[in-house]
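This report describes selected features of one protein chain. The reader is invited to follow each of them in the sequence and in the three-dimensional view.

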Amino acid sequence: MTAPVKPPRFILLVNRAQRAILRWIEARPQAWEGASAAQAGLLFLLAGRGAASIGEIAAALDVAPAAVTNLSKRMEGAGLVERIADEHDARMTRLRLTQAGIAASAQATSALAELNKTLCQGFTPEELRTVARWLEHAGVALKAQDDS
């Protein structure tokens with residue numbers, strides 16, 4: 001009789017991977033060109049959208065609006081983002097990247113391409129799609145539990 005196969009210890013593995021990724025990122029401060037690793041998410045979001053409100057950013061990054069406000073103030077002080085009036089609603093302010101923010105986003109994208117290449121070595125595209133689907137599922141499923 002064979003012993004039952006134990007399921008992978010996902011929480012341990014995800015935590016270990018997250019710590020390793022953060023160490024990799026923190027060991028390359030030059031890759032962020034004046035932006036912190038935490039600010040990179042906002043850089044990437046704005047690079048893709050052009051401009052967004054605090055609420056839109058908070059929803060996309062799954063953080064509190066106050067966290068985005070504080071982060072954006074530091075980024076504005078560093079010259080990475082600027083506040084602009086919404087073209088349809090004068091009461092709303094949007095954030096967009098400055099030229100320095102665009103450069104920082106491009107540099108961070110290049111650094112993360114190196115990391116992604118390393119992480120994907122040895123896996124087929126199908127395996128990577130499965131990993132991505134599982135990670136997306138974990139985020140959505142746990143958020144749904146938090147919201148209920």
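E56 and R94 form a salt bridge in which the closest N and O atoms are 2.6 Å apart. Because E56 belongs to helix α3 and R94 to strand β3 (residues 93-97), this pair ties together parts that are 38 residues apart in sequence. The model discussed here is a predicted one.

**Salt bridges**

How many salt bridges does the structure hold? The number is five. Three of these pairs are set out in the table, each with the distance between the closest N and O atoms.

| Pair | Closest N and O atoms |
|---|---|
| E56 and R94 | 2.6 Å |
| R96 and E82 | 2.6 Å |
| D89 and R91 | 3.1 Å |

Are the two partners in the pair of E56 and R94 buried or exposed? E56 is partly exposed, with a relative accessibility of 30%. R94, in contrast, has a relative accessible area of 17%, and it is therefore buried, since buried means under 20%. The pair does not stand alone: E56, D86 and R94 are linked in a network of salt bridges.

R96 forms a salt bridge with E82. This pair also links distant parts of the chain, as R96 lies in strand β3 and E82 in strand β2 (residues 81-85), 14 residues apart. Both partners count as partly exposed: R96 has a relative accessibility of 36%, and E82 has one of 28%.

In the salt bridge between D89 and R91, D89 is partly exposed at 23% relative accessibility. Its partner R91 is exposed, at 77%.

**Helix α3**

The helix that contains E56 spans residues 54-61, and I54, I57 and A58 are buried in it. Where on the helix do these buried residues lie? Seen down the axis of α3, they fall within an arc of 100 degrees, so they line one face of the helix. After α3 comes D62, whose phi is positive, near 60 degrees.

**Surface patches**

Two patches on the surface may now be considered, one nonpolar and one positive. The nonpolar patch has an area of about 530 Å² and is made by F10, I11, V14, V131, W134 and L135. Which elements give two or more residues to this nonpolar patch? They are α1 and α6 (125-147). One member of the patch, V14, is located in helix α1. V14 has a relative accessible area of 35% and is thus partly exposed; this value allows V14 to belong to a patch, because patch residues must have over 30% relative accessible area.

The positive patch is formed by K6, R9, R16, R19 and R23. Among its members, K6 is placed in the segment before α1 (10-26). K6 is exposed, because its relative accessible area is 75% and exposed means over 50%.

**The segment before α1**

P7 is found in the segment before α1, where K6 also has its place. With a relative accessibility of 61%, P7 counts as exposed. How many residues separate P7 and A60 in sequence, and what is their distance in space? They are 53 residues apart in sequence and 31 Å apart in space, taken from C-alpha to C-alpha.

Conventions:
Residues are numbered from 1 along each chain as its sequence is written. This is a predicted model: local features need pLDDT of at least 70, side-chain atom pairs count only at pLDDT 80 or more; totals for chains, interfaces and linings use all residues. Side-chain values use heavy atoms; hydrogens and water are left out. Patches are made of residues with over 30% relative accessible area and no salt bridge: like charges are joined within 9 Å, nonpolar side chains (Val, Leu, Ile, Met, Phe, Trp, Tyr) within 5 Å. Accessible areas come from the Shrake-Rupley method with a 1.4 Å probe; for residues, only the protein chains shown count as cover. A salt bridge is a side-chain nitrogen of Lys or Arg within 4 Å of a carboxyl oxygen of Asp or Glu. Lys and Arg count as positive and Asp and Glu as negative; His and the chain ends are not counted. The place of a charge is taken as NZ of Lys, CZ of Arg, CG of Asp or CD of Glu. Helices (H or I, at least four residues) and strands (E, at least two) are DSSP runs, numbered from the N terminus. Buried means under 20% relative accessible area, exposed over 50%, partly exposed in between (1.4 Å probe, protein chains only). The arc is that of the directions from the helix axis to the C-beta atoms.
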